[in-house]
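Take a look at the model below. Two topics follow: the space inside, and a patch on the surface.

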Amino acid sequence: HVKKYLACALMVCDHIGLYYSDRLPTEIALTLRVIGSMSLPLFAYIFVSGFFRTSSPSRYFLRLALTASVAQGILYIIFPIANLPSDIPSGCALYILPLSFFVLYGCELLFAIPPDMIASLRLLEAGADTHSHRYDVRIGSGKRPLRRIVTPEMTPTLHFILGGIMIVSALLIIWIVPIEYALFGLPIIVTFYLTEKMNPKNKVAIAFLCFLIIDIMYSTYAFCSTGHYPQLAACLAVFFLCYVLPEGKKPSRIGKYAFYLFYPLHILLLLLIRLI
């Protein structure tokens, strides 16, 4: 659980710097946001790991969507009375996860392939010189199958149509609805997804190279748009922790749901403190 604890701690730093930017010295608020931005790659990696490990993709999606909706409800109720600075976004950044789930699950449907199988041939008559009554023949490429998750049984055409609809719908929502970190978070999540799915020999190096390219492109875009470099550039400092830190044991049911509850509850606490 080390990654989850660290990601939560970094996220709290980010939200303190965000929600109290008008009450803290500018340098401190900016430092907290820079430190907090390093939670993004950790959450992205945790999300992708959970995507491949879940035994029920539908329940995994519902937990993500419900958590984001509860957090958005808290923001909707308390935001107007918390006297927050006008430049603070009122939308919930966590919505990037359920939307990313649509993209990843759509990719699973588009590229779903059956795993390699073994065909067994049994001789009808065995002679005196026959050493075996059975021959096994591999059906498939012979390569190690890609990581897969549970997908419904349907024709390839329906797989393609449903996968395309899910991907396009999610991308349209991300494009239309302003979600914090969306243009940076989704490419990072897709990067982790592809490296975990294909599992190349130099997985960490390839993922880091993609991460670096995305970071440079996003920083350039943000600078051209706003004239300021985004604090997300600091994400590079924590990237390798995604692979260095241990995975840990499977959390208990209480621990799993406590992780989902932490996001809306810590936002509620930080906003309530502003009202005091």
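## Inside and outside

A search of the whole structure, which is a predicted model, turns up 2 cavities of 30 Å³ or more. The largest cavity holds about 350 Å³ of space. Its lining is made up of 24 residues. Nearest the centre of this cavity lie Phe43, Ala93, Leu94, Tyr181 and Tyr263.

What kinds of residue form the lining of the largest cavity? The table gives the split.

| Residue kind | Number in the lining of the largest cavity |
|---|---|
| Nonpolar | 17 residues |
| Polar | 5 residues |
| Charged | 2 residues |

Several helices take part in this lining. Helix 1 (2-19), helix 3 (39-53), helix 5 (96-110), helix 7 (182-198) and helix 10 (253-275) each bring at least two residues to it. Which helix gives the largest share? Helix 1 does, with 5 residues.

Now turn to the surface. A nonpolar patch there covers about 870 Å². Its members are Val168, Leu172, Ile173, Trp175, Ile176, Val177, Leu183 and Tyr221. Helix 6, residues 156-176, contributes the most to the patch, with 5 residues.

Leu183 is one of the patch residues, and Leu183 sits in helix 7. Helix 7 also supplies at least two residues of the lining of the largest cavity. Is Leu183 buried, partly exposed or exposed? The relative accessible area of Leu183 is 45%, so Leu183 counts as partly exposed. Patch residues need over 30% relative accessible area, and Leu183 has 45%.

Note on methods. Residues are numbered from 1 along each chain as its sequence is written. This is a predicted model: local features need pLDDT of at least 70, side-chain atom pairs count only at pLDDT 80 or more; totals for chains, interfaces and linings use all residues. Side-chain values use heavy atoms; hydrogens and water are left out. On a 1 Å grid over the protein atoms alone, a cavity is a set of points where a 1.4 Å probe fits but cannot get out, and a pocket is an open set with protein on both sides within 12 Å along at least five of seven lines; lining residues have an atom within 4 Å of a point. Grid points are joined across faces, edges and corners, and a volume is the space filled by probe spheres set on the points. Helices (H or I, at least four residues) and strands (E, at least two) are DSSP runs, numbered from the N terminus. Ala, Val, Leu, Ile, Met, Phe, Trp, Tyr, Cys and Pro count as nonpolar, Asp, Glu, Lys and Arg as charged, and the others, Gly among them, as polar. Patches are made of residues with over 30% relative accessible area and no salt bridge: like charges are joined within 9 Å, nonpolar side chains (Val, Leu, Ile, Met, Phe, Trp, Tyr) within 5 Å. Accessible areas come from the Shrake-Rupley method with a 1.4 Å probe; for residues, only the protein chains shown count as cover. A salt bridge is a side-chain nitrogen of Lys or Arg within 4 Å of a carboxyl oxygen of Asp or Glu. Buried means under 20% relative accessible area, exposed over 50%, partly exposed in between (1.4 Å probe, protein chains only).
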